[in-house]
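Today I sat down with the ligand site and one of the pockets. Here are my notes, in the order I looked things up.

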Amino acid sequence: MNFDFSDEQVMLRKAVRSFVDHEIMPNIGEWDAKGHFDQQTLKKLAGLGLMGVCIPETYGGSGMDYNSLAIVCEELERGDTAFRTAVSVHTGLNSMTLLQWATESQKQKYLVPQARGEKIGAFGLTEPAAGSDVAALQTTATLDGDHYVLNGQKTWISLCDVADHFLVFAYTDKSKKHHGISCFIVERTYEGFSSKATKGKLGIRAGNTGELFFDQMKVPKENLLGDEGDGFKIAMSALDSGRFTVAAGACGQIMACLEASVEYCHERKTFGKEIGKHQLVQQMIAKMEAGLHMSRLLVYRAGALKNKGVRNTRETSLAKWQACDFANQAADDAVQIHGAYGYSNEYPVERYLRNSKAPVIYEGTREIHTIMQAEYVLGYRKDKPLSQMLPAWEG
Ligand SMILES: Cc1cc2nc3c(=O)[nH]c(=O)nc-3n(C[C@H](O)[C@H](O)[C@H](O)COP(=O)(O)OP(=O)(O)OC[C@H]3O[C@@H](n4cnc5c(N)ncnc54)[C@H](O)[C@@H]3O)c2cc1C
């Protein structure tokens, strides 16, 4: 076991932290209040090579390891969940899935510009009647000569109005249930495609989330990812990558809660002393610290398995479940420590609490991960190596 970060990883963390402190922190309060997703920030992240950090250099990425992606997500979410979510869907759910499943020509056409940050990728799985129960999706794809015709709707899709490319899941044969789902690479410019942002979200207000509509949308046959019927497996393996980034981001959320709370503990006095001197306040700080370090260990273990090219569905699910729960609790405690001031946007902790809820819901709810972990322990669930594994880190 090696618990040391490489010099490159230490420098990466410093660079992302400085970016967050200078480019995100001064603006995030306003962006959150206005519900503004700042696309310039994505462009700047691309300029720093952060939109394809773990994608091999041969495919336009920075060629760093998977734990470097975790570091980027941690540091971004210390600033705000919106930008970590953008990296999660662009790199985790889309680009890493292309790296795992795409043909060489699909990689050249779609992965290379995404890894360079010239094009943005997103992931369309959820539908109005299909969230945790993926097989309930209703979007269909019918083969017609040299293209498929897609009809249907997706909802709660991050970067819905921003992304250029989407991985879209649809039934090519409903009678085969989840074995009849296929995955398609869809371009925003296709006729019959439209999107609409969702208003009134509890959190991640500086992010872009919403619906996708496909009306007789023609998708070239060569944009089928994997084979017909591979869609469910592709979706689940994409989630192995996406959940890893969500778990890492949750560590950043806890860091942000700790920073704000420690500062306030020294600033605020009650009963003649700093509130940090009260044991019940210390208990909340101690729980945040414990949650941060336990979550990091789970995240970096999952990353080490990814680096080796070993299947890590179980370890990633555990990391995602625990880290997001710890972050949600840390944000709740951070508001509590700030008392009434925590209840206003004078301090950032109310944003942390609102933001910390979505990660407990997306990419597998708390309940789904609880069930998965119990099933692994009880022997009801076992993972086999996939026909296409996420490539090991070549470094
Ligand atoms: C901000 C945000 C961004 C998102 N981005 C994306 C995206 O980019 N792409 C995408 O495809 N999706 C995205 N999602 C959707 C997200 O993945 C789904 O919301 C999630 O999978 C849960 O589905 P659901 O909301 O339909 O809840 P449901 O599946 O309807 O679940 C409702 C409740 O029932 C519980 N439940 C369901 N089944 C069981 C069971 N078997 N046992 C016990 N409890 C159960 C759940 O845990 C939950 O508490 C996003 C969601 C949010 C909030």
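I count a polar contact as a pair of N or O atoms within 3.5 Å; within protein, one must be able to donate a hydrogen and the other to accept it, and residues adjacent in sequence count only if both atoms are side-chain atoms. This is a predicted model, where local features need pLDDT of at least 70, side-chain atom pairs count only at pLDDT 80 or more, and totals for chains, interfaces and linings use all residues. Residues are numbered from 1 along each chain as its sequence is written, and side-chain values use heavy atoms, with hydrogens and water left out.

**Ligand contacts.** I found a ligand nitrogen 2.9 Å from a side-chain N or O atom of Ser 158. For ligand oxygen atoms, I noted a polar side-chain atom of Ser 132 at 2.6 Å and a side-chain N or O atom of Glu 367 at 2.6 Å. On its own the ligand has 980 Å² of accessible area, and the protein covers 64% of that (Shrake-Rupley method, 1.4 Å probe; for residues, only the protein chains shown count as cover).

**Ligand shell.** Which residues come nearest, among the 17 around the ligand? I listed Thr 126, Ser 132, Trp 156, Thr 365 and Glu 367; near means a heavy atom within 4 Å. β3 (147-158) gives the most to this shell, three residues (helices, H or I, at least four residues, and strands, E, at least two, are DSSP runs numbered from the N terminus). α10 (358-361) and α11 (366-378) each supply at least two.
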